[in-house]
Amino acid sequence: MSGELLVYINGEYYPKSRAAISVYDHGFLYGDGVFEGIREYDGVVFMLREHIDRLYDSAKAIMLEIPLTKDEMIGAVVETLRRNGLRDAYIRLVVTRGVGDLGLDPRKCGKPNVIIITEPALTLYSREAKIRGISLIISSVRRDRVDATTHQVKSLNYLNSILAKLEAINAGADDAVMLDDRGFVAETTSTNIFMVRDGVIATPPPTTGILPGITRAFVMRLARKLGYQVEEREITPFELITADEVFVTGTGAEILPVTKIAGRIIGDGKAGKITLKLMEEFEKECKNPANGVKVY
Ligand code: PXG
């Protein structure tokens, strides 16, 4: 293996420095495409089938026909990881509308471009930082409606989230809670959100325009298995800031405690008991071959 990581583009493998797509690709010109962020833990791609299902659902929603079967796509992900010798990786799967002209008519585009990038997994947060928790603002940018550019489609258009992220950065916070158009809690810019009140775990429903997170679904299942009551229900900003515990979930973030929201300290200002229990169980389960596809 050479020094450079290889990137899969339409069935070929290119060294990272030469992995490129045309500036006429509508993924670049219009954000016209879909993607997935996936993790491999100790040689097992966590929830790969679920990520592939979601990718194909997103593609269906934007009438983009992926030129590979789901099994071929899984094979391509596994092969890319093998060629790069990666056991703990972050995987970015991107399917764009393809090369077209400068008008936005998707019928002018040729074949979709399929790209698989794999990188060694970064440790985003140390153990201490994880326990200390993150701070959130409540963004003035509302989550796009379910009948608009909803985050239910994991599309290449993330401006809705990026505007909220910029607001968080400018306020010195780690991230932002985004509300739906009615004012109910939806999610953060790139994670789903949960709260704990009186021992009951709650998270907003898909009607708030959230991305139905794979980590979210896994954590809901895990929590129920551990005997906790888990509700999917509308949450007001008031309920969130007065909750006993708040945490977020996502492929990159895994499970992260939230200890401050809009200047209010959550619970006693550090990771709560139920959050810590879920983090501990998640750390074990994400490596379990039963929860993913084995690469080696
Ligand atoms: N909501 C939104 C808007 C997201 O983009 C999640 C929730 C969490 O979903 P999963 O399936 O990952 O549990 C996402 C995730 C990353 C990363 O590195 C994640 C996303 C986008 C970019 C990077 O974790 N989306």
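1. In this predicted model, threonine 215 places a polar side-chain atom 2.5 Å from an oxygen atom of the ligand. Threonine 251 also approaches through its side chain, where an N or O atom is 2.5 Å from an oxygen atom of the ligand. For lysine 154, the partner is a nitrogen atom of the ligand, 2.5 Å from an N or O atom of the side chain. On its own the ligand has 530 Å² of accessible area, and the protein covers 90% of that area.

2. The residues surrounding the ligand number 21. The closest of them are Lys154, Tyr158, Glu187, Thr215 and Thr251. Sorted by class, this shell consists of eleven polar, five charged and five nonpolar residues.

3. As to location, the ligand occupies the largest pocket. Both domain 1 (6-122) and domain 2 (127-285) contribute to the surrounding shell, with at least three residues from each.

4. With regard to secondary structure, three elements each provide at least two residues of the shell around the ligand: the strands β5 (89-96) and β13 (245-250), and the helix α6 (214-225).

Conventions
Residues numbered from 1 in each chain as written. Predicted model: local features only at pLDDT ≥ 70, side-chain atom pairs only at ≥ 80, totals over all residues. Heavy atoms only, no water. Near = heavy atom within 4 Å. Polar contact = N/O pair within 3.5 Å; in protein donor to acceptor, adjacent residues only side chain to side chain. Areas by Shrake-Rupley, 256 points an atom, 1.4 Å probe, with all protein chains shown as cover. 1 Å grid on protein atoms, 1.4 Å probe; cavity = no way out; pocket = protein on both sides within 12 Å on 5 of 7 lines; lining within 4 Å. Sits in = over half its atoms within 2 Å of the grid points. Helix = DSSP H or I, 4+ residues; strand = E, 2+ residues; numbered from the N terminus. Nonpolar A, V, L, I, M, F, W, Y, C, P; charged D, E, K, R; others polar. Domains from an automatic or database assignment.
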